[in-house]
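Reader: Could you teach me how to read helices and chain contacts in a model like this one?

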Amino acid sequence: MALNEFAPIGVLLVFAIALTFIILVISRIFGPHRPTSRKTAPYESGMKPIGPGSRRMPVKFYLVAVLFILFDLEVIFLVPYALVLRELGLYGLVVMGLFTLILTVGLIYEWKKGALEWE
Amino acid sequence: MGVTQKLGDLGVVTTTLETAINWARTGATWPLLFGLACCAIEYMSTQGGRYDLARFGMELNRASPRQADLMIVAGRVTRKMAPVVRNLYDQMANPKWVIAMGDCASCGGVYNNYAVVQGVDEIIPVDVYVAGCPPRPEQLIHGILTLHEKIMGERIKDWA
Amino acid sequence: MQIKPAINPVEAVKAALPSAFITVVEFAGETTLVVEAAQLVAVSLYLRNTAGLIYNFLSDISAVDYYEPTGGIGDRPARFGVSYHIYSMLYNNRLRVKVYVDEGDDGSKPVVPSVVSVWPAANWLEREASDMMGIVFEGNPDQRRLLMPDDWQGHPHRRDYPLGYETVQFSFNVEEIMKHKPVAKE
Amino acid sequence: MTANSALENQATEWVGSLDDVKNLVTERALTGETMLLNMGPHHPSTHGVLRLLLELDGEEIITCLPDIGFLHTGIEKTMESKSYEKGVTCTDRMDYLAPMSNNAAFCMAIEKLVGLDVPERAQVMRVICLELTRIQSHLVWLGTHAIDLGAMSVFLYCFREREKILDLFEMISGQRMMGSYIRPGGVWRDFPAQFVPDVEAFLDDFPRRIDDYELLLTTNPLWLDRTQGIGVIEPDVALAWGFSGPSLRGSGVNWDIRKATPYLGYENYQFDVPLGEHGDVYDRYLCRIHEMRECIKIIRQALKRLPEAKGGFRSDNRKFTPPPRAELGHSMEAVIHHFKLWTEGFSAPNQEVYVAIESPRGEIGCYLHGTGGNKPRRVHFKTPSFMHIQGIPLMSENHMIADLVAIIGSVDIVLGDCDR
């Protein structure tokens, strides 16, 4: 019986897939494709690019990406808690407080380590 | 006797696919952010609060040619800039239109010398020429409306 | 620290570097100091560092072509004149140091020593003059063209360079012009 | 060969060579460690068609090579084939944000060359026009500088005020931007009666608008983070590299041509020159905002001096300035002067002059060399944007690309001004 609680999510899923299907696949089938060599050339403010396009990316970008994912997940865990904030009361507050505290300690550690600075 | 003649113009009920597509295209022709010289400042005034290109759905200037469908050549095109203008025009996706804003883009204007391309139609096909040096915002909006009339008259297979 | 009162630049240069000094021209309240091309850097350093002069701001470098269409170069000593407009911020007076250079007899480009070591602002000003007038500034770190495309032939601001004028299109001559006007189709 | 495979092989094997930039960039670029990117002629935040070849290590700029000339329209060569009076309209299109200061530089050079007097009333009218142009140019600078750093609304407010000034220019010269209002010997024609009340109305309302901009930006933490400590340039380096105007005063050098070598009667007006201390983007911003308030003071004093200023709107030396239409009806000399001036124009001696005035961007100098005939031999404009673009690499050493956008905005460059 618990199944019908998930019915709205199912409808949402169907709509999402249908919409993406319509937008992507149908426009690729019916849309005109005329790739000329100049049109597919990479756009670099109107000039011809200098140097090979794909090259080794500096590691700093990877560091920033990992940190972002870390704290993004933290927010994702907070979202369901926000829905049931009233029912859980003090107990919920303490648990989630501990959870965020651990991550905040991690934030302070890497802040002092200088991982947030770009150099 | 066509349906429209019998029933009269009932708007969306008796519209053709072509008119609907052209109406959609004129509703939001996103211009390429392509200011070269003095006309670009007048173009900015047209975007500003008083003349407000947002009324035509054109307030969103796309910086990359991939997402723009109208190139307003606002300013004088010099010999050194000509390959860049051609490059940008090629990198725009169809359907695309060009407005030559100002005398310098339309015919070389004040500068009849070695450094300026005498009219941007030597390097890219132009749909509407807007006269003026620089043209007043009202003149540019008149040019844009002329372009909209031209788009409304286009057939589907022109771009298909 | 007592600031030395301003001294007349022309007398100072005539006294310090007599071999470099050629003439002085006074016109409309401006003094033009014409110096030897070879000793230009020495004169510039002297003008910038001497206590009573301190010309520490280079305003402008302008190159002039004295070529006359009717032949000859008028009453000027050489075909090209390069004038350096310098300004003393301390004493608030301006001076023009002028140098006359001519093309080499085998048609090679005129050569002027670069003053980038004295005023770094001269870097682009010299590159523009060399791009436009074809004067070589030896010692300038960057010899590329500045304003014109890299593969451009000729130097546009020379008097014998054509203006590139195209006949203007009117209603009566529109057919001939449209015949050979390169209109882009797609 | 489908579209995406064309993209693949284009990305991997890149045909071309790095030898033309070999001596300009560090060798890390040649080995492919750092990336060469064109912040090119078509870029939203380069304020025109400036191309910066950037050598990037991730987000950081190692070297920055400006490449100009994309708007070189040969204005100086065109002016060599036009008479002096016709050349004035060419100068309008050079620095298209401050057309009247170009006119004033060129006309004052002509007046110095031929020894033409300008009546006191014409000088006061010129000062009013130049200061209105300075406000209008600073408004466009503030609008575009703020929108580059994300403050969209400031752009719309600035252009709302600018429209009022453009209406004033249209009233006196018939054209919103390129009025060619300042002519050799004075101005084109007298102020219409409605002009002075409208200017006063604008001046009463404008200080409140500047307070709005300051409210939006000056104490805005976002703005402070993006501009303080960015693009610092020391006073002696700025002087050595030929900076001028608010960009130089931002570093604390007290040099304003209106104060140092007064022209057009600027010595009669009381105004102070704002100076910065650190020479960063924020100080240059404060200098220009403060300068706008000073312009209001100058215009108010000029409006007070206007009624009792002696002389007409243009010199009545008929060798150089055409006579008014009314006079043609009843005096033969007027017809002769009119005919000569409008067909051949006046002639200037085979000498050279250099006049420098304070344009909104800095010192604009006009070097004029006559031929003895009616066409100039050489007109060369030393423009402030030319020197400031040369100085951008100095200010952008190991900054990030986003800071480079702030630096370009802060030195207020106009490419028509730079490439001429």
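Author: Happy to, and keep in mind that this model is predicted. Let's begin with burial: in helix 6 of chain D, 27 of the 29 residues are buried, so the helix is largely enclosed by the rest of the structure.

Reader: How does the span of helix 6 of chain D, residues 120-148, agree with 1.5 Å a residue?

Author: At that rise its 29 residues should span 42 Å, and because the end C-alpha atoms are 42 Å apart, the two agree. Just after this helix, D:Gly150 has a positive phi of about 105°.

Reader: And how are helix 2 and helix 3 of chain A oriented to each other?

Author: Start from the angle between the axes. Angles over 145 degrees count as roughly antiparallel. Helix 2 (residues 59-83) and helix 3 (residues 85-113) of chain A pack at about 170°, with axes 10 Å apart, and they are therefore roughly antiparallel.

Reader: Which residues of helix 2 and helix 3 of chain A meet?

Author: From helix 2 come A:Glu74, A:Phe77, A:Leu78, A:Tyr81 and A:Ala82; they meet A:Leu85, A:Gly92, A:Met96, A:Phe99 and A:Leu103 of helix 3. By class, this contact has eight nonpolar, one polar and one charged residues. A general idea helps here: an α-helix has 3.6 residues a turn, so residues three or four places apart point the same way.

Reader: Which pair of chains has the most contacts?

Author: Among the five pairs that touch, it is chains B and D. By contrast, no contact joins chains A and C, whose closest C-alpha atoms lie 12 Å apart.

Notes: Residues numbered from 1 in each chain as written. Chains lettered and ligands numbered in written order. Predicted model: local features only at pLDDT ≥ 70, side-chain atom pairs only at ≥ 80, totals over all residues. Contact = placed C-beta atoms within 7 Å. Axes fitted to C-alpha atoms, helices over the stretch in contact; angles between N-to-C directions. Helix = DSSP H or I, 4+ residues; strand = E, 2+ residues; numbered from the N terminus. Parallel < 35°, antiparallel > 145°, perpendicular 65-115°, else oblique. Nonpolar A, V, L, I, M, F, W, Y, C, P; charged D, E, K, R; others polar. Expected span 1.5 Å × (residues − 1). Buried ≥ 20, exposed ≤ 12 C-beta atoms within 10 Å, placed from the backbone.
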